Amino acid sequence: MVSRVTAVAGRSFARRAVGASSPVWRVDAALAVAVLALAVISVLAVWSSTRTWVPGTTGLVKKHILNLGVGAALAVAVTAVNHRVMRAYAPLVYLVALAGLILVITPVGAEVNGAHSWIMLGGGFAFQPSEFAKLALVLMLATLLAQPAEGSDRPRGADVLVGLVVAAVTMGLVMLQPDFGTTMVLGVITASALVVSGMRKRWLVLLVLAVAGAGLAVWRLDVLEPYQVARFTAFLDPSTDPRGVGYNSTQSLNAVGSGRLFGKGLFGGGQTMGRFVPEQHTDFIFTVVGEEFGFLGSATVVVLLGVVLLRALRIAIRCEDRFGTIAAGTIVCWLAFQTFINVGMTIGIMPITGLPLPFLSYGGTATFTNMIAIGLLQAIHLRARL
């Protein structure tokens, strides 16, 4: 009798999970397939870029696959939750992210590549609170700006001011690490949320002037670390110090250019095999794609990323509640900006900032955050109609 009840319950669960009425069949398939394709390419690129210097023939690829698997599970879990419910928990998520940012600048945090941005967990695992802070800021700003003023479709002035304070605190803590690249992403997230929410133009003008003033103050007061200033110098003229600050830019261009049209084939890249490009499995993973898969492979990655952005934009446009629209629209701008900066620094049109390429670069926290963002987009897509 018990086994019969168990079997019936199992069949009922299976019908709900994958049956004709299951949400599984209503997710944005194009978005899911594009992310899956990028994940496969990232596994190959991480495998190629790490197998010659990490113990074992597979390099860091096993750990990367584990990160992708955990990220996919998180995306599925978030997809199953009504995004309107997430609005209630946004302040809690933000406070957790804030606690992580505070903790990382204490002696508990660890310094990597000049930034005090990591919390070491042991066993080769680490957590980067600033990555999680991106998603937390998206949710918090969408929550604050979702309530329009009475008789208007614009956010209330008080909510805008609170949102700016929330963003300023987050960016200030990240700058203390210091992590200028992530601070720029947080700035883009803030500006995007305000624009998508329909903030008045005069507020936008004041915000632009404030950002310009803050940037000038950062430069004139020598807030930037010497290595950050050197990166801008190398961007303006890599030939000034090709063996020093201009080394990354020069080797990155050499790697991408050597791939030509069809590339040198997987594991066939001389620049990748010889580790001429630093941080090639993280910040400069696009150079692996360019060298080993050529222009066609690089174009494929850009097209797949474009599909992700276009589908996310479609979700934002079709959503009928303000919280979902603001959250989805802000995620689009966040991923678009980070993609442009990463690919741009690889091909020499942007300064080196240390930002990973979404869905391709190796890294646990960044992978989890990106996948959770995709889960949030799918959740909004499933429940876009009021």
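Two strands are taken as paired if DSSP finds at least two bridges between them. With that criterion in mind, the tour of this predicted model may begin at the sheet.

**Stop 1: the sheet.** Select strands S1, S2 and S3: together they form an open, antiparallel sheet in the order S1-S2-S3. Colour S1 (110-112) and S3 (125-127) separately, for these are the edge strands, each pairing on one side only. Viewed along the sheet, neighbouring strands are turned against each other by 55° on average, direction ignored.

**Stop 2: the S2-S3 pairing.** Next, select strand S2 (residues 115-122), which runs antiparallel to S3 and is joined to S3 by three bridges. Display the side chains of Ile 119 and Phe 127: Ile 119 stands opposite Phe 127, a residue of S3.

**Stop 3: the aromatic pair.** Leave the sheet and select Trp 47 and Phe 267. The structure holds one aromatic pair, and these two residues form it in an edge-to-face arrangement, with 5.1 Å centre to centre and 75° between the planes. Trp 47 belongs to helix H2 (residues 29-50), whereas Phe 267 lies in the loop between helix H10 (247-258) and helix H11 (270-273); the pair thus links distant parts of the chain, 220 residues apart.

Are these two rings buried or exposed? Trp 47 counts as partly exposed because its relative accessibility is 29%, a value between the limits of 20% and 50%. Phe 267, at a relative accessible area of 26%, is likewise partly exposed.

**Stop 4: the charge over the ring.** Keep Phe 267 selected and add Arg 51. The charged end of Arg 51 sits over the ring of Phe 267, 4.2 Å from the ring centre.

Key. Residues numbered from 1 in each chain as written. Predicted model: local features only at pLDDT ≥ 70, side-chain atom pairs only at ≥ 80, totals over all residues. Heavy atoms only, no water. Helix = DSSP H or I, 4+ residues; strand = E, 2+ residues; numbered from the N terminus. Axes fitted to C-alpha atoms, helices over the stretch in contact; angles between N-to-C directions. Phe/Tyr/Trp six-rings, centres within 6.5 Å; stacked < 30°, edge-to-face > 60°. Buried < 20%, exposed > 50% of the residue type's maximum accessible area, 1.4 Å probe, protein only. Lys NZ or Arg CZ within 6 Å of the ring centre and 35° of its normal.
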